[in-house]
Amino acid sequence: MAKKLVIIGAGMASGRLIEALLEKNPQAFEITLFNPEPRGNYNRIMLSPVLSGEKTYEEIVTHSDDWYAENGVTTYFGETVTKIDRDAKTVSTKNVTMSFDSLVIATGSAPFIIPVSGNDLNGVMAYRDLEDVNAMLEASAKPNAKAVVIGGGLLGLEAAAGLKEQGMDVAVVHIAPHLMERQLDPAAGFLLQQDLERRGIKIHTNGFTKAILGHSTVDAVLLEDGTVYEADIVVMAVGIRPETRIATDAQLHVERGIVVNDAMQTSDPDIFAVGECVEHNELLYGLVSPLYDMAKVLASTLLGEQAAFQPMELSTKLKVTGCDLFSAGDLDEGDDREEIVFRDAVRGVYKRLILQDDRIIGAVMYGDTADGGWFLQKLKAGEDISDIRNTLIFGPNFASGAAADPLAAVAALPLDTEICGCNGVSKGDILAAIDGGANTLEAIKAKTKASTSCGTCADLTAQVVQIGLGDDFVLPQKETICKCSDYSHDDVRKLIIQKQLKSIAEVMQELQWETSCGCASCRPALNYYLVCAWPGDYVDDGRSRYINERVHANIQKDGTYSVVPRMLGGITTPNELRAIADVAEKFNVPTVKVTGGQRIDLLGIVKEDLPAIWYDLNQAGMMSGQAYAKGLRTVKTCVGTDHCRFGTQDSTGLGIKIEQKMWGAWSPHKFKLAVSGCPRNCAEATCKDLGIICVDSGYQVLVGGAAGMDLRETDLLAQVATEDEAIELACGFYQLYREGAQYLHRPYKWIAKVGLDWIKEQLVDDLKNRKALADRFHFSQKFCQVDPWAERASQGKEAHEFQPLADFTKVAAE
Amino acid sequence: MTNFVDIGAVEDIPVRSARLVKTHGGCIAVFRTASDKIFALDDKCPHKGGPLSNGIQHDESITCPLHNWVFDLNTGAAKGADEGVVKTYDIRVEDGRILLDRAAISLSLVAE
């Protein structure tokens, strides 16, 4: 009969233990799991991406309730074990008592709260579990909310970056002279500080917290030097201490942690412990990789196999998008030690290796950490590096002579090279899984657990799989912006803001573009992202625009152009029509056509004539209709209440008002609108990017239609009562799309990606946000609402575009 | 007599732009790259006749504005999977002036 195994704590170590037991022998134990948190195991190290909004909680759950049920694990979630009775071999909570044959304590650790006055005020929190993250997210929703993070270590900085990302004003108070002093040396700490400050995070080093001020809730943090930082929340991230109370009460041997031997056994032979609550050989562990090792060892022990836990060298990476740092081993200076340092101040790159007896004993890198794994490998192996010392700092590509092909470098790695640090998966493990029949990346990840925790080794894992599977394997294509870069559109947009990049050259430099000046795909995308991110600040680069946008007309198949003047809401006058007729005659325009967007198109115009035609149209009061733009195109209207016997509102007037506000705007793709005066919908608003249908009680604002290669009906965003609300909602929606969508995605594609519900949350549920978006749009429009035709027709802008450099057709033949 | 004819100053072409030299045989596109190199090619894509001078320049390549074929400015050859060659012309820069092979103009005259 199966023995009874009780596990206290459902954290990452215990999760891995259960997996290992089930894999080795699913029948051996009847498992009961207690957890004080009201849920099972999730990937706690990914809380930072949840805080910064890059991931959702659902994405980081590793073991769902269903999983426990399917695997026959009895769970008591939200139940705290209060007592272990070693004689009776039972554990008790408030509600139940459960007997065990073997007991595992996996209570983890508790955040250390510094003993200053005010540390019990509302708004003071740790950064440990999902409750903390939710509390932070809630606080960040308040406008102008301020946070103080006490502790500039790994966890504190991830919290700070996440809170900043959520729009809070963040200050970090750190007791040491530089950040992450346990993992970084002063130089790397300084680069990190610079990067964080550039994002607007205040960093106060040598900062000693004197008191947390406030009555019932926190108001501010007072430092010993007299500095006061206002705060709506205070996040304590100064360290953790093992959670050992239950073991102490049971009179097990406890020092700083619960003392275990190599087999993870406590002083009671039937009681075991794993994870952060454990002390092994006088050492405590807080990173996931050794905890997983402990879990594997304990699984063997419980099944009667011999296994011993061996501590190992650890490396650290900070999970803050855009801050690349790596640290491993011993970074202290010493008489018997030497160091190799590489600096590139312009790129913000710093690398330092600490050597002793021709072996790497420590490595720290900032800005470019691609070679971290290679150095760590040499460090762990204790490899003699004297032969390659001259070029060591330049990494494996240089050291091995040529191998610029990353696959060649990976192929050359020895089998015991660690690929996934979190899960202790070696190159050999992955290849063995392939030999064992796993033949897709997903299957191999499921089998080995490689790259399933922090995910920083995803590329490397894929490369090893590629080597193992050979030609059968196609490396999964991350959707990058283009072949010039490894970043996705979303990453690039995010980093432009975070790193305050303000020119195409800067983006390419900072994000390590692989081509010297991009290509015809990425340049227009980058130009748009910069136009959108820095209105009034960024200087538009015409050389990075498609020809239509560069010369403000639509190129046709024979190289001639078409010209469409703007007619707000599709309304024109005899005077405008006369001017159009005159221009058509004067310039022998071969085709004059009425467009689908209620405008008039003059087709077949040679490029050199464009400025002169624009001049004549300008004289009649007309400006560019931007019929060529990835931007606002047209607002179609019906005649509404002016003439129509069915019209419910002034649809023509509303259409004109919206077009007046929106003309000239650039966006990821073209943006077409229509306003219909009643549900008969003569303006065909239900297949537009944004449509409005007037009804007796107000205005239905519809979004995400398409009538091109894809045909799609709009969805209702919201119905509003007044014209002003309809305009604000339209502008807010346009700005949300402008700020979020990937270049060349129409709104319906973007909506499919982010979800209509999310858009409603932003614009319908959150009126402040709607207004803020509309305000940002209007601000941006200040710089966009300049008629590009007038600039070229009357002010000589870009004259070179329209005149030949030399003309030999007028020279008589020699 | 020199075999080259002065068609203008390097400064007359903004960086990463192109301008046209009109001849009786058609237009020649003169490109100035980011690194100030000058190239001269027929302003006509071998695919569907697109005016290459209107494309986006990157490194020493030009992407046709009509259907995104990419050509090497040095050789005029299409890059990637597409096949086709654009005629190139000898061109040089002396003292900031751009000199075009006279044959480029007279050839077109002969062709008439």
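These legends accompany four close-up views of a predicted model.

**View 1. Helices α1 and α9 of chain A pack against each other at an angle of about 40 degrees.** Here we look at α1(A), residues 12-24, beside α9(A), residues 288-302, with their axes 8 Å apart. An angle of about 40 degrees falls in neither the parallel nor the perpendicular class, and the two helices are therefore oblique to each other. Their crossing is right-handed. On the α1(A) side, the contact is made by A:M12, A:A13, A:R16, A:L17, A:A20, A:L21 and A:K24. Facing them from α9(A) are A:V288, A:L291, A:Y292, A:M294, A:A295, A:K296, A:L298, A:A299 and A:L302. If you sort these contact residues by class, you find 13 nonpolar, no polar and three charged.

**View 2. Helices α20 and α21 of chain A cross at roughly 160 degrees.** The pair to find is α20(A), residues 574-586, and α21(A), residues 610-619, whose axes come within 9 Å. Angles over 145 degrees count as roughly antiparallel, and that label therefore applies to α20(A) and α21(A). The crossing of these two helices is right-handed. To follow the contact, start from A:A579, A:D582 and A:V583 in α20(A), which meet A:I613, A:D616 and A:L617 in α21(A). Four of the residues in this contact are nonpolar and two are charged, with no polar ones.

**View 3. Chain B holds 10 strands and one helix.** Tracing the chain along its sequence, you meet the pattern β-β-β-β-β-β-β-β-β-β-α. Chain B has 112 residues, and 38% of them count as buried. Now consider its contacts between residues at least 6 apart in sequence: 41% of these join residues at least 24 apart.

**View 4. Three strands of chain B form an open sheet in the order β1-β10-β9.** The pairing in this sheet is antiparallel. Which strands stand at the edges? They are β1 (4-9) and β9 (91-94) of chain B, each with a single partner strand, so one side of each is left without a neighbour in the sheet. From one strand to the next, the twist averages 30 degrees. Zooming in on one pairing, five bridges join β1(B) to β10(B), residues 97-101, and the two strands run antiparallel. For a handy starting point, pick B:F4, whose bridge partner in β10(B) is B:D101.

Terms used:
Residues numbered from 1 in each chain as written. Chains lettered and ligands numbered in written order. Predicted model: local features only at pLDDT ≥ 70, side-chain atom pairs only at ≥ 80, totals over all residues. Axes fitted to C-alpha atoms, helices over the stretch in contact; angles between N-to-C directions. Helix = DSSP H or I, 4+ residues; strand = E, 2+ residues; numbered from the N terminus. Parallel < 35°, antiparallel > 145°, perpendicular 65-115°, else oblique. Left-handed = near helix turned anticlockwise from the far one by under 90°. Contact = placed C-beta atoms within 7 Å. Nonpolar A, V, L, I, M, F, W, Y, C, P; charged D, E, K, R; others polar. Buried ≥ 20, exposed ≤ 12 C-beta atoms within 10 Å, placed from the backbone. Pairing = 2+ DSSP bridges.
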